[in-house]
Amino acid sequence: MPLLFSYGTLRQEAVQLATFGRRLRGEPDELVGFEQALLRIDDPAFVAASGKADHAIVRFTGRDDRRVKGTVLEVTEPELARADAYEPAGYQRISATLASGRQAWVYAAARPGSSAT
């Protein structure tokens with residue numbers, strides 16, 4: 001079963017129910033080598049659903065002393081596709097190693113010239 005690391009709205013029960021139709025099982029973990037920042041979302045539907053235009057985003061630093069706290073969630077492949085559809089422009093799904101040593105997908109700042117997953 002794929003793992004998805006969330007540091008933002010995908011941890012919220014209402015978002016999980018609306019996106020996946022169920023509450024996801026998760027455990028606390030940390031994303032290593034990243035730092036958190038804010039991203040202004042221009043998608044009016046996303047802003048209306050979330051209630052705000054500024055959302056957390058993570059950027060790769062490569063520094064082991066930089067960490068972002070969050071939750072690692074267990075999802076199915078179809079749910080991962082629904083998460084891809086949920087995330088607005090500016091986020092890219094990448095694979096990352098967590099502090100626990102597990103590999104998980106995470107939505108991070110899209111790098112220029114790359115295609116979102």
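## Close-up views of the sheet, a buried threonine and two pockets

**View 1. L4 and its bridge partner in β7.** L4 has W105 as its bridge partner in strand β7. The model shown here is predicted. Strand β1 covers residues 3–6, and strand β7 covers residues 103–109. The two strands run in the parallel sense, with 2 bridges between them.

**View 2. The open sheet and its strand order.** Five strands build an open sheet, in the order β2-β5-β1-β7-β6. The pairing is mixed. Strands β2 (26–32) and β6 (91–97) form the edges, and each of them pairs on one side only. From one strand to the next, the twist averages 40°. Helix α3, residues 77–86, packs on this sheet. The helix touches β1, β5 (67–74), β6 and β7. The directions of α3 and β7 make an angle of about 10°.

**View 3. T71 and its contacts.** T71 sits in strand β5. Is T71 buried or exposed? T71 counts as buried because its relative accessibility is 18%, with the cut-off for buried set at under 20%. Leaving out residues up to four places away in sequence, T71 touches L4, F5 and S6. Its contacts also include R11, G26, E27 and P28. L4, the bridge partner of W105, is thus seen again in this view among the contacts of T71.

**View 4. The largest pocket.** The space in the largest pocket is about 190 Å³. Its lining has 13 residues. Which of them lie nearest the pocket centre? They are Y7, G8, T9, A56 and Y91. Two elements, β1 and β4 (54–60), give two or more residues to this lining. By residue class, the lining of the largest pocket holds 7 nonpolar, 4 polar and 2 charged residues.

**View 5. The second largest pocket.** About 160 Å³ of space lies in the second largest pocket. Its lining consists of T9, Q12, A14, V15, A18, T19, F46, A49, S50 and Y86. Helices α1 (13–20) and α2 (44–50) are the elements that give two or more residues to this lining. Which element gives the most? That element is α1, with 4 residues. The lining of the second largest pocket divides into 6 nonpolar and 4 polar residues, with no charged ones. T9 is one of its lining residues, and T9 is also among those nearest the centre of the largest pocket.

Key
Residues numbered from 1 in each chain as written. Predicted model: local features only at pLDDT ≥ 70, side-chain atom pairs only at ≥ 80, totals over all residues. Heavy atoms only, no water. Pairing = 2+ DSSP bridges. Axes fitted to C-alpha atoms, helices over the stretch in contact; angles between N-to-C directions. Contact = heavy atoms within 4.5 Å. Buried < 20%, exposed > 50% of the residue type's maximum accessible area, 1.4 Å probe, protein only. 1 Å grid on protein atoms, 1.4 Å probe; cavity = no way out; pocket = protein on both sides within 12 Å on 5 of 7 lines; lining within 4 Å. Points joined across faces, edges and corners; volume = space filled by probe spheres on them. Nonpolar A, V, L, I, M, F, W, Y, C, P; charged D, E, K, R; others polar.
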